[in-house]
Amino acid sequence: MSSGIMQRTNITDSAIPDSVTPHPAVNLVWLAPFLLALAWFWANISAVKWLLSSFVEIPTLYKIVIGFLIVALVVRSIGNGDRPPEFSPNFVLRRDPLLLMLGAGICSIALQYIIDIKQVTVLLFILGTYGLCGLLVEPNFWRKNLPVAGLLACILPFNSQLNSGLGLPARVLTAQVVEQLLSMLHIGAISSYDIIVLENGIAHVDVPCSGIKTLLVGTLFLLAATWLEGRKLSLRWLAVGAANLLMLVCANAARVAVLVLVSEVFNQPNLAQIMHVPLGIVGLVCASFVTWLMLQRVPKFQPEKTSGVSAKPNSEILQNHPLAKPGIIAAVAVLAVMAQLSHVETPKMAIAPLRLPEYIKSESIPLNASEQKFFGNYPDTQTQKIRFVAGNLRGSMLTVASTSWQTYHAPELCFVASGIPVNRIEKKQLTPSVTARWLSLKNNQLSAVYWLQSAQLTTDNFMSRIGSDLTHKNHNWVLVSILFDSSLQAENHEVKEFASNVYTTVKQSL
């Protein structure tokens, strides 16, 4: 009978607690998402630094909008009766978030290697970070609020530094498009950088004319409407987005063309100034209204029947593969290494001082106040300004050596800002090696010429200069701008000889 009775043994009480789950094991649950997030932020460290440094400069209105979006996201989720988003340390490899994260990372590295525009890099970083969050939260919540991530991605990078990256190329393209439109109307015009010169005047395609802000507002409208109406992001939605961008670009080009016609052709600059903002608003409203009509044909978001963040919807991939998660972490780490390699600084611009032929008498002169202010923003840029006398030629010459296309702006704008009106611009072949822009200034009392030169190429087209950054074939460039003290012809023998000597001197210094 005693064998059936459980007897108390006198075993010494050890210090082992009743719950023997070790704390290190609990911490290991968070190790995988921690490593993934660490690798992701390491891969985008330049975007993080730029975003933090520029956040101070974001206007108060932008900060209010960002705060409103965050509050609206929480309120709308609660108002719809949705459960608060649950985070799980055991992240799930879902197809769409994973594609968004890896796709944004790869595109960011590729664009940094090709042409580094920080706003686009930050936009991709924000979208990729939201893709990372999609591995940790409920899929329905993530998909439904994807447009909010798009809103933040568009608002955060494009603040006061809007026109330092995309603005200038957009203005150049707008000017060239308007030039073609005017040519179709048999109106002689030539676009140079971001201005348009007609036979009887000059029109500056300025910051508001670039169309970047119009594109930004139109895109924000599409994303906000998509989120508020609960539309599904699909191929049909992408088609609507592409049509929206095309309509906004066309509306802006048409606006600039009308302003140029009214201001310069019909000689009504005051009327053009009055029409400037209303035309932009009308174009934006019309494009947005058509976009909203097309958006109505996009189906609404239908939540999947899943429960909890750890549910396994059809979009989960590699769910039974033991090396799937370590592989994803390793892939993001490889992206981080590639990103660091792409940030290796290129050698700074270093050219020898210009050594002009002896027959050209020259002396250095200081930059004016506006030139000092502009070039002071680019410390690696080398500038040299001289007065010269070469036979019967007299004038001044400015050379700007730089490795970045963002350093340059139209010499015409410097002349206009200095009170020297531009009457005409022509494309001239000064020598077999020099294709330049020839300017008639101050009611044809002065002449000027400029060109862009690298070791292998000389061009008068600013888009060719931007294209060189895409191909990395001509890294070091010099802008040569020459202002003569009298009216001259590009066919003048002394002018051609002088241009040839300057071209040779710059080539030797490169």
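Mentor: Partly exposed means a relative accessible area between the buried limit, under 20%, and the exposed limit, over 50%. Keep that handy. This is a predicted model.

Trainee: OK, try it out. Is Cys 250 buried, partly exposed or exposed?

Mentor: Cys 250 is partly exposed, because its relative accessible area is 45%.

Trainee: And what about Cys 133, buried or exposed or in between?

Mentor: Cys 133 has a relative accessible area of 30%, so it counts as partly exposed.

Trainee: How many disulfides are there?

Mentor: The count is zero disulfides. A disulfide is a covalent bond between the sulfur atoms of two cysteines.

Trainee: New topic. How many aromatic pairs does the structure hold?

Mentor: Eight aromatic pairs. One of them is Phe 41 with Phe 125, and it is edge-to-face. The centres are 5.7 Å apart, with 75° between the planes.

Trainee: Where do Phe 41 and Phe 125 sit in the chain?

Mentor: Phe 41 is in helix α2, residues 31-43. Phe 125 is in helix α6, residues 118-133. They are 84 residues apart, so the pair links distant parts of the chain.

Trainee: Which is buried and which is partly exposed, Phe 41 or Phe 125?

Mentor: Phe 125 is buried, because its relative accessible area is 6%. Phe 41 comes to 35%, so it is partly exposed.

Trainee: Got another pair? How are Trp 438 and Phe 484 arranged?

Mentor: Trp 438 and Phe 484 form a tilted pair. It is 6.0 Å centre to centre, with 35° between the planes.

Trainee: What does that pair tie together?

Mentor: Trp 438 lies in strand β8, residues 434-441, and Phe 484 in strand β11, residues 477-484, so the pair ties together parts 46 residues apart in sequence. Both Trp 438 and Phe 484 are buried.

Trainee: Which residues form the aromatic cluster with them?

Mentor: Phe 388 and Phe 498 join Trp 438 and Phe 484 in one aromatic cluster.

Trainee: Switching again. Where is Thr 214, and is it buried or exposed?

Mentor: Thr 214 is in helix α10, residues 212-229. It is buried, because its relative accessible area is 16%.

Trainee: What does Thr 214 touch?

Mentor: Leu 248, Asn 252 and Leu 284, not counting residues up to four places away in sequence.

Trainee: Last one. Where is Gln 268 found?

Mentor: Gln 268 is in the loop between α11 (235-265) and α12 (269-295). At 41% relative accessible area, Gln 268 is partly exposed. Leaving out residues up to four places away in sequence, Gln 268 touches Val 262 and Ser 263.

Terms used. Residues are numbered from 1 along each chain as its sequence is written. This is a predicted model: local features need pLDDT of at least 70, side-chain atom pairs count only at pLDDT 80 or more; totals for chains, interfaces and linings use all residues. Side-chain values use heavy atoms; hydrogens and water are left out. Helices (H or I, at least four residues) and strands (E, at least two) are DSSP runs, numbered from the N terminus. Buried means under 20% relative accessible area, exposed over 50%, partly exposed in between (1.4 Å probe, protein chains only). Contact means heavy atoms within 4.5 Å. A disulfide is a pair of cysteine sulfur atoms within 2.5 Å. Rings of Phe, Tyr and Trp (its six-membered ring) pair if their centres lie within 6.5 Å; planes under 30 degrees apart count as stacked, over 60 as edge-to-face and the rest as tilted.
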